[in-house]
Structures are given as structure tokens and as C-alpha cells.
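Reader: Could you take a close look at a single part of this one for me, and then tell me how the rest of the protein looks around it?

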Amino acid sequence: MNTVSHLRSISHGAFDHQQQLSDLIGIIYDAAIEPSLWQRTLETIALFVGGSGAGLFCKDVGVPHAVIPHSVGFERPLPVALFRQIYSAAEGHFLGDLEVPIATTDLMPFAAYAQTDFYRQWAEPQGLIDFLSVVLDRTVISSAIFGVFRHKRNGMVDDQARRQMRLIAPHVRRAVLIGRMFEFKAAEVATFDALDGLGAGMYLVDGTGRLIHANVAGNAILGASDILSSVSGRLVAGDAQVDRALREVFAAAGQGDAALGVKGIAVPLIGRDGERYVAHALPLTSGARRRAGVVYTAAAALFVRKAALAVSSAPEAIGSAFKLTPTELRVLMAIVEVGGVPEVAAAFGIAETTVRTHVTRLFAKTGTSRQADLVKLVAGYATPLAD
């Protein structure tokens, strides 16, 4: 092959990959408004990342099993009794950073994993040898991840799989967060005519931010003229920095699904009284969403919902409210994020009796009597993005 032909081959391969990615992102966003599409979407993502199966997993802190709302390519439910054998490693998937790929073999050597009953009785018979996941959402009481299973014919998770996962992770995350806000039939959602009953504010805008339509909750937010308002027919945020971020989101949405990238996955808005909100944008320029865009000449739908105290602020607020020492606060958050006394002791490298002493003091200061009550207390200071 001569140099010109070789370059053309490379260029064509890059184009095919970009088109494949763009088409996949469109399917992912369609699943945000039509949950029945998730199985097809997961099949496509698994192939794109280089795996044989995939799933969305939700897990409460301290519980050694996960709820799987959507999955493909593997048996379910996962065997809880066997899952406990790799609890520490599996928990690591749920405690990772948002959108950062992590493999099971990052958490424990394959040789050790292969000795577990979980692998021998569940994974090996299906030919599954590794699992690559990203965290989509996490609060102090629960986490949601998306993961792809690697079959032995795919080999262990490699750099290529990680690159592919990084490309689609922001879009899966956005689709899941938006999908939690409403459950309607595809025909209803496609035209957005049924969203007046939605608790979140919903706005249809074009690529320049021109406001085309707002639902009842959205109009109520505009009426308050606090976090958002309509100025000369355009949707404007009260905070200048947030307004610039939204402008970028709307412009990117107008260029297609893939152009949105990581923009606007969770744009925070804070009112004058300190009330917190979070906004998510869904492009409307292709797929099953395009009908709404055509009908309303809209490039994006912006969803805005009220939030409570931000998770990142919870530890400071709790420590101040109950006059906790720094060590007591660390133990409290570890109980929520890591598990019970044995797990916390192992994580901190201290004796279980020491942890129990701190827990006893926490009970006294917070007026609780069980570790479950401590978790509920912290949850009250958290901000789940969805119920």
C-alpha cells in the first residue's frame, strides 16, 4: 500500500469510528426518554467498549448486592451469597471517581479473583473474566454505576477499552440522570406535550438560548426571576458564570449529540436565598428526540430541579451541627461510605474497639442508637439528584 492509500485508510477508519460514536451517543440519549431502548443501547455500548455484556447497577452503602434496572449479556440476579466474597473489590467499583473507568483487575489480581466461588460458579461458566465500570452518580447513601463485562474472547480490560469507556461515560451519565426525572411513553415524550406534570422545570431552547417552550414548573421558576429568567425571549441565568456555561451547552447541543460532550451534565444554580438547583441538558437534534426539536425548532431541552444541601458540604454541616471532633466526623462518614465497624477499622488500619468507641460517642452526640440511624442522619444532609 502506498503512502496516499495508507493515509486514506487511516482517515476512513477515523471517520467510521467518529460516526459510530456519534450514532451511539444518539441511541444513549434516546434511552433517556424511552427506557425500553436501554437493552439495545447496552448491547451497542458493550460492542463499542469491547465486551459481551453490560448493565446499570445501583447499590446502597453497606449492602453487598446491587439492583440492576437494565442489563444485557449476563445472567441475573447476581448471586448475593457469592458476591459477598469479593465485596471489597466490588465495592471499589461504586467508590470510584465520576466517569473514571475502573476494572475489577485494578482492584484485585486476577489470580486472586479466579480463586473465588463468585468467579468459579458465576463468571467463569459464562466466560466472563473482567469488568470495566464508571460511577454515574453517588450520594452518601447510594451509588449508581455503568459497567461492561469482558468475555475471555475480549481479553482483560486494556487501554483501548478504557478510552472507549471515557468517550461514552459522560453521555451515559447524562442520560441516566435525565431519565430519572420522568417516565413517559416514547410518543408522549417525543413531543414533550405531557411534561406539564413533571416536577422539574423543563425548557426547550434553540442553539442561541432563545426560549421556545416551558412547562408549568419551568414557568414558576421564571416567575420568581431568581436562578433563571426570560430576557428578550432568551433563557438567562442570574449568575453570569452559569449563564456562560448554559450558552456553551445550548450552542453545543445545536451542533449534534456528540458535540455536547461533557458540557452541562450537572450545572449547579444557587438562588439568592441559598436554595440550590441542578440543571441537565438533553440535545434534540437527532434520534427519537428530533421530532420535538422539529416541532418546536428546539436544539435542547433543559431540565432544572431543586436540590437540598450539596453532598460536598454535608460533612462540614454535620460536624458543626453536632459538635463532632475531626476524628468522629471521619468515622461517621466512613460508616456511611465504607460500611460497618470491621470495614472502617480495616480502612483506617486501627482496632475495631477504637472504632466502636468513636461510634458510641457519635450515638451520644447525635441522639441515635444504631448505625442505620447514622446513615439516615447523613442522608438528610445529602443531595440525591433524583428520588
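Author: Contact here means heavy atoms within 4.5 Å. Keep in mind that this is a predicted model. Let's start with H358, which sits in helix α17, a run covering residues 352–366. H358 has a relative accessible area of 12%, and the cut-off for buried is under 20%, so H358 counts as buried. What is H358 in contact with, leaving aside its neighbours within four places in sequence? The partners are T327, E328 and V331.

On to another helix, α8, which runs over residues 159–179. Its 21 residues, at 1.5 Å a residue, should span 30 Å, and the end C-alpha atoms are indeed 30 Å apart, so expectation and model agree. There is still a kink in α8: about 40°, located at I168, shortly before the proline P170. As for its surroundings, 15 of the 21 residues of α8 are buried, so the helix is largely enclosed by the rest of the structure.

Now step back to the whole protein. It has 18 helices and 12 strands. Of its 387 residues, 51% are buried. The contacts also reach along the chain: taking those between residues at least 6 apart in sequence, 61% join residues at least 24 apart. On the outside, the protein exposes about 17500 Å², with carbon and sulfur atoms supplying 53% of that area.

Note on methods:
Residues are numbered from 1 along each chain as its sequence is written. This is a predicted model: local features need pLDDT of at least 70, side-chain atom pairs count only at pLDDT 80 or more; totals for chains, interfaces and linings use all residues. Side-chain values use heavy atoms; hydrogens and water are left out. Helices (H or I, at least four residues) and strands (E, at least two) are DSSP runs, numbered from the N terminus. Buried means under 20% relative accessible area, exposed over 50%, partly exposed in between (1.4 Å probe, protein chains only). The expected span of a helix is 1.5 Å times one less than its number of residues. The bend at a residue is the angle between axes fitted to the seven residues ending there and the seven starting there. Accessible areas come from the Shrake-Rupley method with a 1.4 Å probe; for residues, only the protein chains shown count as cover.
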